[in-house]
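Trainee: I should like to study one part of this protein closely, namely its interior. Please guide me through it, and place it within the chain as a whole.

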Amino acid sequence: MTTKAATKATSPIYPAYCFAASPTYNAWVKLTAADVHALRYEPGYEGQNLYFHLNHPIRYVCLVGTIVAIDDPTPKLAILTLDDGSGQTIEVKIARLPPEIASSVDCPSNTAVDNVDVTTGLGAFRVFVDHVHLDIPAVVKIKCTISWFRNMRQLELKRISTVRSTDDEVKAWAELAAFRRDVLSRPWHLQRHKLGELDAEARATAQKDRERQRERLDRETKRRARRRAHEEKVKVYEEKLESRRRKEEVMMNAGALERTNFINWPP
């Protein structure tokens, strides 16, 4: 079992532009439920669904365990409770789709996970994985993101498969043990030259972003200037038309007056 104290970083947290070079940032990180509960936030990264084990940045997790409870607390959610023998269980949320979306012919399932369906009727609530009823105590392999609910760590299901044999389960646990030994057991370390390369790439990217932003601002400034120039031309043109209209109106009124006077001239 991994404790919170064990996950405390013993190596500096690298800048965010280095995270993509880590073995965990873009990976489904093999953890236990206890590991997930022990993951921590770092100042400056709150609210980004980014967690840390030692100094490893983690966004996605992969667990293997036994389903010990299946619940439907709301029409929008189904909840699986996973026990992987690590000393702690963890809840896994399955988001259910609105009926108008789930009924579409293009929708592969009625949940946010393509191979998971939830049925409810006459007091019966069931979860199906690959069209097979998922029942207690099925062993599953899940891939999830991490969230919080009422100060408790939860998982949000993205992928799931049923572990159908003891050999597959042993293989999954061996993979977890190997990943822990080879990656998670020690802090992530970047060589000085690699850190320099990433820093240079980040600076170059930031410079390009600033240039693109400046170009966008220049284009917007020119667009606004063209629009103002066009509006000014339209205004001048309309003023000329109005001036001409007034002159013509004066002339027409004067002509009408002369005709009226001529008609009314005494014989």
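Mentor: Let us begin with a term: a contact means that heavy atoms lie within 4.5 Å of each other. Please keep in mind as well that this is a predicted model. Among contacts in the protein chain between residues at least 6 apart in sequence, 60% join residues at least 24 apart.

The whole chain should come before its interior. The protein chain contains four helices and 11 strands. Its C-alpha trace spans about 125 × 65 × 30 Å along the principal axes. The radius of gyration is 34 Å, whereas a compact globule of 267 residues would have a value near 18 Å. About 17500 Å² of the protein chain is exposed, and carbon and sulfur atoms supply 54% of that area. The chain carries 43 positive and 36 negative charges, whose mean positions are 7 Å apart. Of the 267 residues, 31% count as buried.

We may now turn to the interior itself. In soluble globular proteins, nonpolar side chains tend to be buried together. In this model, the largest nonpolar core has 34 residues. Leu63, Leu134, Ile142, Leu155, Leu157 and Ile160 are the members that touch the most other members. Strand S10, residues 139–149, gives this core its largest share, namely four residues. There is also a second, separate core of 10 residues, which includes Tyr14, Phe19, Leu50 and Leu198.

Leucine 157 deserves a closer look. Leaving aside residues up to four places away in sequence, leucine 157 touches Val92, Lys93, Ile94, Val113, Val116, Ile142, Lys143 and Cys144. One of these partners, lysine 93, belongs to strand S6, residues 89–95. Lysine 93 counts as buried because its relative accessibility is 16%, and the limit for that class is under 20%. With residues up to four places away again left out, lysine 93 touches Leu77, Ala78, Ile79, Ser147, Gln154, Leu155, Glu156 and Leu157. Its C-alpha atom is separated by 4.8 Å from that of isoleucine 79, although the two residues are 14 apart along the chain.

Some loops beside the strands also merit attention. Proline 137 is found in the loop between strand S9, residues 132–134, and S10. The peptide bond that leads from isoleucine 136 to proline 137 is cis, with omega near 5°. Aspartate 130 lies in the loop between strand S8, residues 124–129, and S9. Phi of aspartate 130 is near 55°, a positive value in a residue other than glycine. With a relative accessible area of 41%, aspartate 130 is partly exposed. Asparagine 49 likewise has phi near 55°, positive although the residue is not glycine. Asparagine 49 sits in the loop between helix H1, residues 33–38, and strand S2, residues 51–53, and its relative accessibility of 46% makes it partly exposed.

Two further buried residues complete the tour. Phenylalanine 179 is part of helix H3, residues 166–184, and it counts as buried at 16% relative accessibility. Beyond residues up to four places away in sequence, phenylalanine 179 touches Pro23, Thr24, Val29, Lys30 and Leu184. The C-alpha atoms of phenylalanine 179 and lysine 30 are separated by 6.8 Å, across 149 residues of chain.

Histidine 56 is in strand S3, residues 56–58. At 1% relative accessibility, histidine 56 counts as buried. Its contacts, not counting residues up to four places away in sequence, are with Pro23, Thr24, Tyr51, Val183, Leu184, Arg186, Pro187 and Trp188. Pro23, Thr24 and Leu184 thus appear among the contacts of phenylalanine 179 and among those of histidine 56. Separation along the chain does not by itself tell you the distance in space: histidine 56 and cysteine 107 are 51 residues apart along the chain and their C-alpha atoms are separated by 36 Å, whereas phenylalanine 179 and lysine 30 are 149 residues apart with C-alpha atoms separated by 6.8 Å.

Technical notes
Residues are numbered from 1 along each chain as its sequence is written. This is a predicted model: local features need pLDDT of at least 70, side-chain atom pairs count only at pLDDT 80 or more; totals for chains, interfaces and linings use all residues. Side-chain values use heavy atoms; hydrogens and water are left out. A nonpolar core is a set of buried Ala, Val, Leu, Ile, Met, Phe, Trp, Tyr and Cys residues joined through side-chain atoms within 4.5 Å. Buried means under 20% relative accessible area, exposed over 50%, partly exposed in between (1.4 Å probe, protein chains only). Helices (H or I, at least four residues) and strands (E, at least two) are DSSP runs, numbered from the N terminus. The radius of gyration is taken over C-alpha atoms; the globule rule is 2.2 Å times the number of residues to the power 0.38. Accessible areas come from the Shrake-Rupley method with a 1.4 Å probe; for residues, only the protein chains shown count as cover. Lys and Arg count as positive and Asp and Glu as negative; His and the chain ends are not counted. The place of a charge is taken as NZ of Lys, CZ of Arg, CG of Asp or CD of Glu.
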